[in-house]
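Trainee: I would like to get to know this structure step by step. Could you walk me through it?

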Amino acid sequence: MNRYIYSLLAIIAILVSYTSCINLEEMNMDPNNPTETSPALLLTNLSYAAFSESKAGPCLAGKMMVLTSGESTEQVFKWNRGSFDYYNRLRNTVKMREEATKSNENAYEALALFFQAHYFYSLTMQFGDIPCSEALKAETEAIYQPRYDTQESVLEKVLNDLDEANSLLKDNNSLISGDIIYNGDLLKWRRLINAYRLKVLITLSNKTKVGNITVAAAFKKVAENEPLMTGTADNGQLVFLDQQDNRYIYFNDSDFGSGRYMDSTYIAAFRLREDPRLFAIATQTPEAGKQGLPVNDFSGYDGGDPAVAYSQVNIKAGQGLCSKPATRYYQNPVNEPMILLGYTEQQLILAEGIVRGWITGNDKELYESAVKASFDFYATHVPAVEGFLSQIAAEQYLQGHLVAYSSALTMEEKIERIIMQKYLPSFLQGGMWSRFYDYLRTGYPELRVPERTVIPFRWMYPQDEYNNNTANVEAALKSQFGGADRTTDKPWWVTP
């Protein structure tokens, strides 16, 4: 009996000794909530979220589309509070940088900086001052109520982050995985990052400096010394696949089959210019179909008036006089790629830089290359109307009296044409509110606005900030707008 007890005690002692060597933190790890993850997996998730983002709101505010199913706050410029949801995505950029640093993979660090810059740019353009330098530090520094940085300092940081991202990728031959945008081609990422730098800088055309950065000089440095997109093959875009979770984001979206119609002012912009890209974007009106009008008859396209009650648009639509978005947007599982920033926009940004005297070059050539690239994009992805979108058709289009670009145009006329060519092919594309910001910055294109409507320049801060970060949001409002939180207040970027 004693021998049995001694043996049992010996076994227990061995077990205690063994378990004392086990790292209890490892033992208590939740396999469904890992503390580490692959930067490649994070890259895939970040890329899909950023490059697939498109919403109807910017199309409604940009007078491209109208609703007949109810009044849209965007359509009548009555939006109020915005969302800080992008901070959830920014957490993934922080995690990606951490994991890249651990494994000494600075290519992933560079791409994390790009996404970080993209989201901080998007947030500050929506609101004005935002939490930035103290944001996302709850875990590392226990900062749960981050102070707000000025919009100027946020935009300076955005430009510095993009500069650093470009530098990290220079002469970088790393092999990366998880890249659903460029399949590991880091030179193409550099081209996109530098084009994005130009985009941020042209946003600041009303400013001379942003922090310590001189806007025109920085634009010139990037344009003349850094790699940029050389054609549509370099587009920053997401290509969709006909498989679960990879299909075009509006595929089978029932709203397109019912209450969404084209805006009459957007249709008019195409009709006045006899722009055949319209045939790829909108359907003929039902009445035009009944009359048997050919697809390329511009009189067969129209839309609803965005400045009247939606009930009146309903009446016009019921009479068969309103075009709808092309059926491909909700019936084709692949449709067209979603462009965050592409060659067409880059060329137009460069053309505007020349017009403003920031760089030298041939603005006419840049403008025309942008339009031809846009025609080629639609010809490639909408084969049903490919015959109307040839390069010969693009050449003819560029001779039109509202499209032709020459040295005889005034500076304002050139900028109007440049902005219009950014606007026309942006229907349901990425970049979200970029065209609306162009409108706030330049006044182009002219948008139809309901009577007694004051155009908003921003969104009000989320209610959660008032509930959980009261002192800091109130301080930000006081320093920017005298304490008010109105959508009609002008943030720093748009003021002269």
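Mentor: Gladly! A cavity here is a set of grid points where a 1.4 Å probe fits but cannot get out, and its volume is the space filled by probe spheres set on the points. Keep in mind that this is a predicted model.

Trainee: How many cavities of 30 Å³ or more does the structure hold, and what is the volume of the largest?

Mentor: Rolling a probe the size of a water molecule over the atoms shows where empty space is left. With the cut-off at 30 Å³, the structure holds two cavities. The largest has a volume of about 380 Å³.

Trainee: Which residues lie closest to the centre of the largest cavity?

Mentor: The lining of this cavity has 29 residues. By class they are 14 nonpolar, eleven polar and four charged. The closest to the centre are Lys 422, Pro 425, Ser 426, Gln 429 and Arg 435.

Trainee: Which element gives the largest share of that lining?

Mentor: Several elements supply at least two residues each, namely α4, β8, α16, α17 and α20. The largest share is four residues, and it comes from α17.

Trainee: Which element gives the largest share of the lining of the second largest cavity?

Mentor: This cavity has a volume of about 70 Å³, and its lining includes Tyr 121, Lys 199, Tyr 437 and Arg 441. The elements that give two or more residues are α9 and α20. The largest share, five residues, comes from α20.

Trainee: How many residues of that second lining are charged?

Mentor: Lys 199, Glu 345 and Asp 438 are among the lining residues, and Asp, Glu, Lys and Arg count as charged. The lining also has three nonpolar and two polar residues. The charged residues come to six.

Trainee: Now for the rings. What kind of aromatic pair do Trp 433 and Trp 459 form?

Mentor: A pair of aromatic rings is described by the distance of the centres and the angle of the planes. For Trp 433 and Trp 459 the centres are 4.9 Å apart, with 75° between the planes. Planes over 60 degrees apart count as edge-to-face, and this pair is edge-to-face.

Trainee: How many residues apart in sequence are the parts that this pair ties together?

Mentor: Trp 433 lies in the loop between α19 and α20, while Trp 459 lies in the loop between α20 and α21. Both residues are buried. The parts tied together by the pair are 26 residues apart.

Trainee: And how far apart along the chain are Tyr 437 and Trp 493?

Mentor: Their ring centres are 5.9 Å apart and their planes stand at 80°, so this pair is edge-to-face. Tyr 437 is buried, with a relative accessible area of 8%, and Trp 493 is buried at 0%. Tyr 437 is in helix α20 and Trp 493 in the segment after α22, which puts them 56 residues apart.

Trainee: Which residue lies over the face of Tyr 196?

Mentor: Tyr 196 belongs to a cluster linked by ring pairs, which includes Phe 51, Tyr 121 and Trp 189. At 5.5 Å from the ring centre of Tyr 196 lies Lys 199.

Trainee: One last thing: how many residues of α6 are buried?

Mentor: Helix α6 covers residues 106-127 and reaches 31 Å from its first C-alpha to its last, close to the 32 Å expected. Just after α6, Gly 128 takes a positive phi of about 110°. The helix is largely enclosed by the rest of the structure, because the buried residues number 21 of the 22.

Key: Residues numbered from 1 in each chain as written. Predicted model: local features only at pLDDT ≥ 70, side-chain atom pairs only at ≥ 80, totals over all residues. Heavy atoms only, no water. 1 Å grid on protein atoms, 1.4 Å probe; cavity = no way out; pocket = protein on both sides within 12 Å on 5 of 7 lines; lining within 4 Å. Phe/Tyr/Trp six-rings, centres within 6.5 Å; stacked < 30°, edge-to-face > 60°. Buried < 20%, exposed > 50% of the residue type's maximum accessible area, 1.4 Å probe, protein only. Lys NZ or Arg CZ within 6 Å of the ring centre and 35° of its normal. Expected span 1.5 Å × (residues − 1).
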